[in-house]
Amino acid sequence: MSVSELSMSTQNYLKAIWSLGEWSTDPVTTSALAARVGVRLSTVSDALRKLTEQGLLEHTPYGAITLSEQGRTHALAMVRRHRLIETFLVEVLDYSWDQVHDEAEHLEHAVSDFLVERMDQHLGHPSRDPHGDPIPAADGSVERPDAVLLSELPAGSTVRVERISDADPQLLTFFAERGIGMGTVLDVRPGTPFSDAVEVAVSGAQESLTLGRSATGAVWVTLAPGSPSGADAR
């Protein structure tokens with residue numbers, strides 16, 4: 001059964017459930033899912049019951065929401081569609097990375113499996129989308145970079161940007177205007193004491209940039225080669 005045969009609502013729920021757990025270890029709850037999909041709790045509860053009856057979820061009232069094997073297969077197919085479309089829009093149609101999310105949200109329900117595979121072939125089978133999120137392969141495998149939040153690494157680290165969340169287009173624009181994107185190497189410097197802020201500079205630059213929690217909580221990084229480990233940096 002192709003994911004195209006599912007309703008748009010079902011496609012959205014499955015993709016949202018998988019995405020909520022992709023970069024977080026927190027259990028997927030009804031309230032978190034309602035916030036992600038943008039509907040009331042009662043609407044989500046009804047949807048969860050139907051999806052469980054269809055064998056797409058494993059869920060008990062008040063328990064964490066998990067995908068069944070079939071549900072995960074369909075969820076990854078939708079994530080693959082979304083991220084390939086985003087990549088196609090940037091690489092082929094010259095969209096900026098802050099423009100593609102909403103466009104892909106609409107297009108992902110309309111494209112055929114054939115078109116998705118042709119886009120993948122045309123793009124050279126990319127493994128990451130413009131924001132650094134992994135693009136699931138056709139067989140459902142996912143290779144996520146072993147990255148951590150920027151806020152988790154201490155001053156003195158040199159890091160490589162692996163992912164920037166696309167939840168806030170204005171934040172993406174902010175980073176782009178300052179030359180920070182996927183693969184950018186940053187030097188992490190001490191922030192103002194008690195401010196919860198982090199100072200970063202594009203590697204080799206003198207001028208630094210102050211980032212608050214809303215920014216550092218959206219940036220995932222790996223230690224650049226030659227950078228001291230977290231313990232050493234401390």
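Student: How much space lies in the largest pocket of this predicted model?
Tutor: The model is predicted, and the pocket should be read with that in mind. The space that lies in the largest pocket comes to about 700 Å³.

Student: Which residues are the closest to the centre of the largest pocket?
Tutor: The lining of the largest pocket is made up of 27 residues. Within that lining, the residues closest to the pocket centre are Ser19, Arg36, Arg163, Asp166 and Ala167.

Student: Which element gives the most to the lining of the largest pocket?
Tutor: Two or more lining residues come from each of helix H1 (8-22), helix H2 (30-37), helix H4 (69-91) and helix H5 (100-107). With six residues in the lining of the largest pocket, the element that gives the most is H1.

Student: How many charged residues does the lining of the largest pocket have?
Tutor: Sorted by class, this lining has nine nonpolar and seven polar residues. The charged residues in the lining of the largest pocket number 11.

Student: Where does the largest pocket lie with respect to domain 1 and domain 2?
Tutor: The domain assignment of the protein chain gives domain 1 as 3-72 and domain 2 as 148-223, and the C-alpha centres of these domains lie 32 Å apart. Both domains give residues to the lining of the largest pocket, so its place is between domain 1 and domain 2.

Student: Which element supplies the largest share of the lining of the second largest pocket?
Tutor: The second largest pocket holds about 300 Å³ of space and is lined by 17 residues, with Thr73, Leu76, Ala77, Arg80 and Ala138 nearest its centre. At least two lining residues are supplied by each of H4 and helix H6 (113-122). The largest share, seven residues, comes from H4.

Student: How many nonpolar residues does the lining of the second largest pocket have?
Tutor: By class, the lining of the second largest pocket has four polar and six charged residues. Its nonpolar residues number seven.

Student: Are H4 and H5 parallel or oblique to each other?
Tutor: The axes of H4 and H5 come within 9 Å and cross at roughly 125°. Angles of 65 to 115 degrees count as roughly perpendicular and those over 145 as roughly antiparallel. The crossing of roughly 125° fits neither range, and the orientation of H4 and H5 is therefore oblique.

Student: Is the crossing in which H4 passes H5 left-handed or right-handed?
Tutor: The handedness concerns the pair of helices whose axes come within 9 Å, H4 and H5. The crossing in which H4 passes H5 is right-handed.

Note on methods:
Residues numbered from 1 in each chain as written. Predicted model: local features only at pLDDT ≥ 70, side-chain atom pairs only at ≥ 80, totals over all residues. Heavy atoms only, no water. 1 Å grid on protein atoms, 1.4 Å probe; cavity = no way out; pocket = protein on both sides within 12 Å on 5 of 7 lines; lining within 4 Å. Points joined across faces, edges and corners; volume = space filled by probe spheres on them. Helix = DSSP H or I, 4+ residues; strand = E, 2+ residues; numbered from the N terminus. Nonpolar A, V, L, I, M, F, W, Y, C, P; charged D, E, K, R; others polar. Domains from an automatic or database assignment. Axes fitted to C-alpha atoms, helices over the stretch in contact; angles between N-to-C directions. Parallel < 35°, antiparallel > 145°, perpendicular 65-115°, else oblique. Left-handed = near helix turned anticlockwise from the far one by under 90°.
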